[in-house]
Amino acid sequence: MFRILQWSDSHGQTNTLTPTQSLLKTVPNIDMCIHCGDVVPDHYPESIDSFDQSLSMCVIGNHDSIDVSGTDPTGYHWDMQASQADLYSKYFSKAKANFGVDINTNETWWSKEFKDKQILFLGINDSTIGDALNKQLAWFDEKISYAENKGLSVIVAKHGPSNYGNIEENTFTSIYAKSSNYIVDTNDYNKVYSGNDKMIGRLVRSTAKILCVLHGHEHTDYYGYIIKNDSTNIPVIGINSTLMDIYGDVLRVSNSNVTSSVCVNLIEIDNDSLYIYRLGADNCKSGVSRKMLTYSYSKNKVVSLCSV
């Protein structure tokens, strides 16, 4: 069994960061705890002191990489980014040792091989542009080729959604993720960051078993799939922000009581199945889990869902 904790888009808000990180500490036997990006409130170089880098590995979000010079009253200029060296120092120089990941100095993408479980976990920066993007694309191709040659299964964590994704309309997927606005935002994201779909395209062509793709960005829960060239599906799991904003419809407040602000997925993977449990939210108090979804790799489809 391979066990992952997934959360995202905390945006430096301590009122939700504190209970979330308290919960993360209580979950045993976790192989990887991943924050899917946008750690900062809005832009680099805002503080991430409230984000405990000993608890969670992260990937870079679009707000994490944009420099303060790219934010002005006319809007965001996403191509105006902090340097790779600065981003590495801020987000990965400490976490590298904490999680034993393989990452080159002054780069913002990483890998970790779990040899005992035959899994290669890849954390990509889908907001890279220019020379950094070209370098990451070559690295990504090399890592996927390595997995193919060694017979490893692959998990990819990233920040944004992909145009390759197909939404599965079920009780796990939020209303916003089913809307036309979600599709427009996904298209816009991939216009700005063209490398995102290029890396996903490499997964589509891969002969390796791709266990899942994890992402954040949209502040909404999402389950979907990417169809590979061999007709098998790649489960895609997007997670709601820890912020309580208008994009997610996860229940956290009822008329009778106030429930946890925590929004964390526990994902378990065995030889044939992927299981998603929600920790804290969906009208459950902190620490309580609800099984949301089961996907069967052999049947190539979702085989069970929670009721609403």
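**Exercise 1. Take stock of the chain.**
Task: find what share of the contacts with a separation of 6 or more joins residues 24 or more positions apart.

Solution.
- Residues 24 or more positions apart make up 64% of the chain's contacts with a separation of 6 or more.
- Keep in mind that this is a predicted model.
- Next, the secondary structure: the chain has seven helices and 16 strands.
- Then burial: 57% of the 308 residues count as buried.
- Last, the surface: the accessible area is about 12,500 Å², and carbon and sulfur atoms hold 48% of that.

**Exercise 2. Place strand 10 among its partners.**
Task: decide whether strand 10 (residues 210-215) is enclosed or open, and name the strands that pair with strand 10.

Solution.
- Count the buried residues. Six of the six are buried, so strand 10 is largely enclosed by the rest of the structure.
- Look for one partner. Strand 8 (residues 153-157) pairs with strand 10 in the parallel sense, over four bridges.
- Look for another. Strand 12 (residues 233-238) also runs parallel to strand 10, with three bridges.
- Now follow Leu214. Its bridge partner is Ala157, and Leu214 also stands opposite Ile237 in strand 12.

**Exercise 3. Map the nonpolar cores.**
Task: state how many residues the largest nonpolar core has, and which of them have the most contacts inside it.

Solution.
- Start with a general point: in soluble globular proteins, nonpolar side chains tend to be buried together.
- Here the largest core has 58 residues. The most contacts inside this core belong to Ile34, Trp110, Phe121, Ile155, Leu214 and Ile269.
- Strand 14 (residues 273-279) gives the largest share of this core, five residues.
- A second, separate core has 25 residues, among them Phe140, Met199, Ile210 and Ile226.
- Zoom in on Ile269. Leaving out residues up to four places away in sequence, Ile269 touches Met1, Phe2, Ile4, Ile155, Leu211, Cys212, Leu274 and Tyr297.

**Exercise 4. Test the cysteines.**
Task: find how many disulfides the model has, and explain why Cys58 and Cys212 do not form one.

Solution.
- Set the cut-off: two cysteine sulfur atoms must lie within 2.5 Å.
- Take Cys58. Its closest cysteine sulfur is in Cys36, 9.8 Å away, so the gap is too far for a bond.
- Take Cys212. Its closest cysteine sulfur is also in Cys36, at 9.7 Å, again too far for a bond.
- Check burial. Cys58 is buried at 1% relative accessibility, and Cys212 is buried at 0%.
- The count under this rule is zero disulfides.

**Exercise 5. Judge helix 7.**
Task: decide whether helix 7 (residues 195-205) is mostly covered or mostly open.

Solution.
- Count first. Nine of its eleven residues are buried, and helix 7 is mostly covered.
- Then name them: Gly195, Asn196, Asp197, Met199, Ile200, Gly201, Arg202, Leu203 and Val204.
- Link back to the cores. Met199 is one of the residues in the second core.

**Exercise 6. Locate Pro41.**
Task: say where Pro41 sits, and whether Pro41 is buried, partly exposed or exposed.

Solution.
- Find the element. Pro41 is in the loop between strand 2 (32-35) and strand 3 (57-58).
- Read the accessibility. The value is 33%, so Pro41 counts as partly exposed. The partly exposed range lies between 20% and 50%.
- List the contacts. Setting aside neighbours within four places in sequence, Pro41 contacts His11, Gly12, Glu46 and Ser47.
- Compare sequence with space. Asp9 and Pro41 are 32 residues apart along the chain, and their C-alpha atoms are separated by 9.0 Å.

Key
Residues numbered from 1 in each chain as written. Predicted model: local features only at pLDDT ≥ 70, side-chain atom pairs only at ≥ 80, totals over all residues. Heavy atoms only, no water. Buried < 20%, exposed > 50% of the residue type's maximum accessible area, 1.4 Å probe, protein only. Helix = DSSP H or I, 4+ residues; strand = E, 2+ residues; numbered from the N terminus. Contact = heavy atoms within 4.5 Å. Areas by Shrake-Rupley, 256 points an atom, 1.4 Å probe, with all protein chains shown as cover. Core = buried A, V, L, I, M, F, W, Y, C linked by side-chain atoms within 4.5 Å. Pairing = 2+ DSSP bridges.
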